[in-house]
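Hi,

Here is the structure I promised to pass on. Have a look at it first, and my notes on what turned up are underneath.

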Amino acid sequence: MKIECLKEKLASAVSKCEKISGKHPTLPVLKCILLEVKDNNLILKSTNLDLGVEITFPVKTEEEGVVAVPGSVLNNFIQNLDNYKSIKLESAEGNLKVWTENNSTVIKSLPHEDFPTIPVVSLSKVFKMNAKDIVRGLKSVWYSSGTSSMKPELSSVYIYHNDENVVFVATDSFRLAEKRVKVKKIPDFTQILIPFKNVIEIVRILEEVSDDVEIHLDKNQISFSWEGLYLTSRIIDGVFPDYKQIIPKENKSEVVALKQDLVNSLKLANVFSDNFNQINMKLRPGGKTFHLTTRNADVGETVNKLESAISGEDIDINFNYRYILDCFQSIEADSVSLQFNGVSKPMVIRGVGDRSFMYLVMPMNK
């Protein structure tokens, strides 16, 4: 291969591919980015066998060819080059030569024949969604998914459609986040379970896209396509828990407070929390008080009283404060509603005036 391309385009593509490249003791080529020149295009590919990406853009071609080089080496080198407008790439003696106006570099390659094929999702269900809607849905819930491989359904983001919404859900069995994103056209699928570790990279890549992406779906894979970018992920063949049965239909007590006041109080709780991150919430509607207390035998304790609107019954309940703090990144409203249904029942958090996001947290034993 022998080409000349814009440094900016190459740097962007290499950066995306490098983060997806994997490590495998018996398949060292997975740490590589595959560069293939074909039909006046440069095609970059990387995969960790769970997630794969392919990026294509036009280049000035003198000779076609293919080479596989370590992604981290190529990315670090390209990112640290001076502001050259163009770069020349050439494969020679099985290695990759990189040329700029003032630099000549050789990067050792690995046998490109060992590079695995990135799955093409064909004979599948196809639909379109705006990339920003996908990113907003995934980012609103991903932090609530589990990380253990013992229950893959819980270590994933669950996606389904309902009425005019595409619904994103994640849970680790201690807390649950649900985000409803309204779409113009309801897509044709029943459910999707994307592994949590793949969601992070999908979001990172789609964050740079502002238009609709074409989504292909079959039993084992989902792919996202947009203007020279093809991203595919394994999906989990499993059944997500019927989470709706644990969402309280009514509440016995409610607190409405400013979101930032609550965030500030929870951050203070961090200083005095114990090993279990326990925070005590005490509601006294009659006395119009909402107290947040954290206590650590070795450090001390802090009690915060929040100005808030309180209704319903008295309650004294404990939670993991970190679980509560996580959800505020998904709430755009200035005020939040905390709904309680007894000391052994979950708390439900919503933004005031926003029914698109719901967060549920299980209480802790005293």
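Let's start with Arg175: at 7% relative accessibility it counts as buried, because the cut-off for that label is under 20%. Keep in mind as you read that this is a predicted model. The side chain of Arg175 meets that of Asp326 in a salt bridge, with N to O at 3.1 Å. The two residues sit 151 residues apart and link distant parts of the chain, with Arg175 in strand E13 (residues 175–182) and Asp326 in helix H6 (residues 321–326). Asp326 is partly exposed, at a relative accessible area of 25%.

The search of the whole structure turned up 14 salt bridges, and a few others are worth pointing out. Arg136 pairs with Asp133 at 3.2 Å, N to O. Both belong to helix H3, three residues apart, or about one turn of the helix. Arg136 is partly exposed at 35% relative accessible area, while Asp133 counts as buried at 16%. Then there is Arg295 with Glu301, where the closest N and O atoms are 3.1 Å apart; Glu301 is partly exposed, with 44% relative accessibility. Finally, Asp50, Lys197 and Arg234 are joined in a network of salt bridges.

Back to helix H3, since it also has a helix partner. What is the angle at which the axes of H3 and H4 cross? It is roughly 145°, and the axes of H3 (residues 131–141) and H4 (residues 196–206) come within 10 Å. The crossing is left-handed. On the H3 side the contact is made by Ala131, Ile134, Val135, Leu138 and Lys139, and on the H4 side by Val199, Ile202, Val203 and Leu206. Sorted by type, the residues of this contact come out as eight nonpolar, one charged and no polar.

Now the sheets. One is an open sheet of five strands in the order E5-E1-E7-E8-E9, with antiparallel pairing. E5 (60–63) and E9 (104–107) are the edge strands, each pairing on one side only. On average, neighbouring strands here are turned by 20° against each other, ignoring direction. Helix H1 (residues 7–20) packs on this sheet, touching E1 and E7, and its direction makes about 95° with that of E1. Helix H2 (residues 71–79) lies across E7, E8 (95–99) and E9, and runs at about 165° to E9. Within the sheet, E1 (residues 2–6) and E7 (residues 86–92) pair antiparallel over five bridges, and the partner of Leu6 in E7 is Ser86.

Further along the chain, strand E18 (residues 253–258) pairs with two strands that I looked at. Four bridges join E18 to E22 (residues 309–312), running antiparallel, and Glu254 has Ser311 as its bridge partner in E22. Six bridges join E18 to E24 (residues 335–340), again antiparallel, with Leu258 bridged to Ser335 in E24.

One last residue: is Met281 buried or exposed? It is buried, with a relative accessible area of 0%. Met281 lies in strand E19 (residues 278–284). Leaving out residues up to four places away in sequence, Met281 touches a list of residues that includes Phe290, Leu292, Ile315, Phe319, Leu338 and Met347. His291 and Asp316 are also among the residues Met281 touches.

Cheers

Key. Residues are numbered from 1 along each chain as its sequence is written. This is a predicted model: local features need pLDDT of at least 70, side-chain atom pairs count only at pLDDT 80 or more; totals for chains, interfaces and linings use all residues. Side-chain values use heavy atoms; hydrogens and water are left out. Axes are lines fitted to C-alpha atoms, for helices over the stretch in contact, and angles run from 0 to 180 degrees between N-to-C directions. A crossing is left-handed if the near helix is turned anticlockwise from the far one by less than a right angle, and right-handed if clockwise. Contact means heavy atoms within 4.5 Å. Ala, Val, Leu, Ile, Met, Phe, Trp, Tyr, Cys and Pro count as nonpolar, Asp, Glu, Lys and Arg as charged, and the others, Gly among them, as polar. Buried means under 20% relative accessible area, exposed over 50%, partly exposed in between (1.4 Å probe, protein chains only). Two strands pair if DSSP finds at least two bridges between them. A salt bridge is a side-chain nitrogen of Lys or Arg within 4 Å of a carboxyl oxygen of Asp or Glu.
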